[in-house]
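Here is a walk through one protein chain, from its overall make-up down to single residues. Keep the view open while reading.

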Amino acid sequence: MSESPDAAASQPVVLADADDIQEGGRKEVVVENRKIAIFNVDGQCYAVNAICPHRGGPLIRGTLDGYRLRCPIHGWAFDIRTGDSNGRPHDLEIFPLRCENGRLVAEV
Ligand code: FES
């Protein structure tokens, strides 16, 4: 009898090489049909769902002011560290990152 892993469980996935995203930079990646936006603020990278929870705006094109990411469509703003939407009905999904051997890894 063989064991089969639970396909629905989140798995650690390499999102990018840490060197790919310099301080102040950003990158969108697609993992298992999900768009994830990675932002480097002050040398620390943060990964969030790249699709705005309001109406699907492209957050990779959002305006970043410190840790506050503003959606380019209707202006909702989210803290990329926590996903907090500052009182809006939907917070932003975040993917805590860790660096392993120069690669950014998250549970996706
Ligand atoms: S789609 Fe992002 S604020 Fe509306």
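Two strands are said to pair if DSSP finds at least two bridges between them. By that rule, β5 and β6, the latter covering residues 68–70, pair in the antiparallel sense, and they do so over three bridges. One such match joins Asp-65 to Arg-68, its bridge partner in β6. The model shown is a predicted one, and the pairings described here are read from its atoms.

With that idea in hand, consider the chain as a whole. It holds zero helices and 10 strands, so the run of elements from the N terminus reads β-β-β-β-β-β-β-β-β-β. The radius of gyration is 15 Å, close to the 13 Å that the globule rule gives for 108 residues, and the chain is therefore as compact as a globular protein of that length. Along the principal axes, the C-alpha atoms fill a box of roughly 55 × 30 × 20 Å. Of the 108 residues, 21% count as buried. Among contacts with a separation of 6 or more, 37% come from residues 24 or more positions apart.

The pair described at the start belongs to an open sheet. Three strands make up this sheet in the order β5-β6-β7, and their pairing is antiparallel. Its edge strands are β5 (63–65) and β7 (77–79), each of which pairs on one side only. From one strand to the next, the twist averages 25°.

Another open sheet of three strands has the order β1-β10-β9, again with antiparallel pairing. Here the edges are β1 (12–17) and β9 (97–100), and each of these strands pairs on one side only. The twist in this sheet averages 35° from one strand to the next. Within it, β9 and β10 pair in the antiparallel sense over four bridges, and Arg-98 stands opposite Val-105 in β10. These two strands, β9 and β10, also form a hairpin, with two residues between them. In the turn of that hairpin, Asn-101 has a positive phi of about 50°.

Leu-97 is a useful residue to follow from here. It lies in strand β9. Is Leu-97 buried, exposed or partly exposed? A residue needs 20 or more other C-beta atoms within 10 Å to count as buried, and 12 or fewer to count as exposed. Leu-97 has 19 other C-beta atoms within 10 Å, so it is partly exposed. Leaving aside neighbours within four places in sequence, Leu-97 is in contact with Cys-45, Tyr-46, Ala-47, Leu-104, Val-105 and Ala-106. Leu-97 and Ser-10 are 87 residues apart in sequence, while their C-alpha atoms are 14 Å apart in space.

One of the contacts of Leu-97 is Ala-47, which leads to the nonpolar core. The largest nonpolar core has 21 residues, and those touching the most other members are Ile-36, Ala-37, Ile-38, Ala-47, Val-48 and Leu-59. The elements that give two or more residues to this core are β3 (34–41), β4 (44–49) and β10 (103–107). Which residues does Ala-47 contact, leaving aside its neighbours within four places in sequence? They are Leu-15, Ile-36, Ile-38, Ile-94, Phe-95, Leu-97 and Ala-106.

Two loop residues remain to be visited. Asp-42 is found in the loop between β3 and β4. Its phi is near 55°, a positive value in a residue other than glycine. With 8 other C-beta atoms within 10 Å, Asp-42 is exposed, because 12 or fewer such atoms is the cut-off for that class. Asn-86 lies in the loop between β7 and β8 (94–95). The phi of Asn-86 is also near 55°, again positive in a residue other than glycine. Asn-86 has 10 other C-beta atoms within 10 Å, and so it is exposed.

Terms used. Residues are numbered from 1 along each chain as its sequence is written. This is a predicted model: local features need pLDDT of at least 70, side-chain atom pairs count only at pLDDT 80 or more; totals for chains, interfaces and linings use all residues. A nonpolar core is a set of buried Ala, Val, Leu, Ile, Met, Phe, Trp, Tyr and Cys residues joined through C-beta atoms within 7 Å. Two residues are in contact if their C-beta atoms, placed from the backbone, lie within 7 Å. Axes are lines fitted to C-alpha atoms, for helices over the stretch in contact, and angles run from 0 to 180 degrees between N-to-C directions. The radius of gyration is taken over C-alpha atoms; the globule rule is 2.2 Å times the number of residues to the power 0.38.
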